Amino acid sequence: MIQTSNTMARGQQKIQSQQKNQAKQSGSKKSVSYSESKKAAAKALTISCSVCKAQMPDPKTYKQHFENKHPKNELPVELKDV
């Protein structure tokens with residue numbers, strides 16, 4: 001008898017797990033594809049570092065990057081007013 005109750009509980013867990021997985025799978029189909037999100041991310045990176053060619057999204061981040069990664073180099077003209 002004890003086995004029967006365990007089997008029933010596990011059966012219920014299996015059904016719940018399948019329903020949860022099905023809902024998760026249908027939700028993931030609605031999200032944007034990998035290539036679309038990669039294109040959007042690349043588009044957001046508009047500024048390139050003049051020394052190491054790393055890409056940054058905005059001038060403030062570029063200035064922080066330059067001060068931290070290239071302290072011996074002189075600050076570029078475009079970053080002096082930021």
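The following legends describe close-up views of a predicted model of the protein.

**Figure 1. Overview of the secondary structure and confidence of the predicted model.** The protein contains three helices and two strands, and from the N terminus these elements follow the order α-α-β-β-α. Mean pLDDT over the protein is 82, with 83% of residues at 70 or more. Confidence is lowest in helix 1 (residues 2–28), where the mean is 76, and highest in helix 3 (residues 59–69), where it is 93. Of the 82 residues, 12% count as buried. Among contacts with a separation of 6 or more, 2% join residues 24 or more positions apart.

**Figure 2. The buried face of helix 3.** Tyr62, Lys63, His65 and Phe66 are the buried residues shown in helix 3. Viewed down the helix axis, the buried residues fall within an arc of 165 degrees, so they line one face of the helix. In an α-helix there are 3.6 residues a turn, so residues three or four places apart point the same way. The buried residues of helix 3 pack against strand 1 and strand 2. On the other side of the helix, Lys60 and Asn68 are exposed.

**Figure 3. The N-terminal cap of helix 3.** Aspartate 58 caps this end of the helix. One of its side-chain oxygens is placed 3.3 Å from the backbone nitrogen of lysine 60. Lysine 60 itself is exposed, and its contacts include valine 82.

**Figure 4. Lysine 63, a buried lysine without a salt bridge.** Lysine 63 belongs to helix 3 and is one of the buried residues of that helix. Side chains of opposite charge can pair when their charged atoms come close. For lysine 63, the nearest side chain of opposite charge is that of glutamate 67, at 4.3 Å. Because a salt bridge requires the nitrogen and the carboxyl oxygen to be within 4 Å, this pair is not counted as one. The lysine 63 side chain instead reaches the backbone oxygen of valine 82, at 2.6 Å. Leaving aside residues up to four places away in sequence, lysine 63 touches Leu75, Leu79 and Val82.

**Figure 5. Valine 82 and its contacts with helix 3 residues.** Valine 82 is located in the segment after helix 3. Its relative accessibility is 40%, so this residue counts as partly exposed. Beyond residues up to four places away in sequence, valine 82 touches Pro59, Lys60 and Lys63. Valine 82 and threonine 61 are separated by 21 residues in sequence, and their C-alpha atoms are 10.0 Å apart.

**Figure 6. The surroundings of histidine 65.** Histidine 65 is part of helix 3 and has a relative accessible area of 15%, so it is buried. The side chains of histidine 65 and histidine 70 form a polar contact at 3.3 Å. Residues up to four places away in sequence excluded, histidine 65 touches Cys49, Cys52, Ala54, Met56 and His70.

**Figure 7. Serine 48 in strand 1 and its neighbours.** Serine 48 is partly exposed, at a relative accessible area of 39%. With residues up to four places away in sequence set aside, serine 48 touches Lys53, Ala54, Gln55 and Tyr62. Tyrosine 62 is one of the buried residues of helix 3. Serine 48 and tyrosine 62 are 14 residues apart in sequence, with a C-alpha to C-alpha distance of 8.0 Å.

**Figure 8. Lysine 53 in the loop between the two strands.** The loop containing lysine 53 runs between strand 1 (47–48) and strand 2 (55–56). Most residues other than glycine have a negative phi. Lysine 53, although not a glycine, has a positive phi of about 65 degrees. Lysine 53 is exposed, with a relative accessible area of 58%. Serine 48 of strand 1 counts lysine 53 among its contacts.

**Figure 9. The salt bridge between lysine 80 and glutamate 74.** The two side chains meet at 3.7 Å, N to O. The count of salt bridges comes to one. Glutamate 74 is exposed, with a relative accessible area of 67%.

Methods:
Residues are numbered from 1 along each chain as its sequence is written. This is a predicted model: local features need pLDDT of at least 70, side-chain atom pairs count only at pLDDT 80 or more; totals for chains, interfaces and linings use all residues. Side-chain values use heavy atoms; hydrogens and water are left out. pLDDT is the predictor's confidence in each residue, from 0 to 100. Helices (H or I, at least four residues) and strands (E, at least two) are DSSP runs, numbered from the N terminus. Buried means under 20% relative accessible area, exposed over 50%, partly exposed in between (1.4 Å probe, protein chains only). The arc is that of the directions from the helix axis to the C-beta atoms. Contact means heavy atoms within 4.5 Å. A polar contact is a pair of N or O atoms within 3.5 Å; within protein, one must be able to donate a hydrogen and the other to accept it, and residues adjacent in sequence count only if both atoms are side-chain atoms. Lys and Arg count as positive and Asp and Glu as negative; His and the chain ends are not counted.
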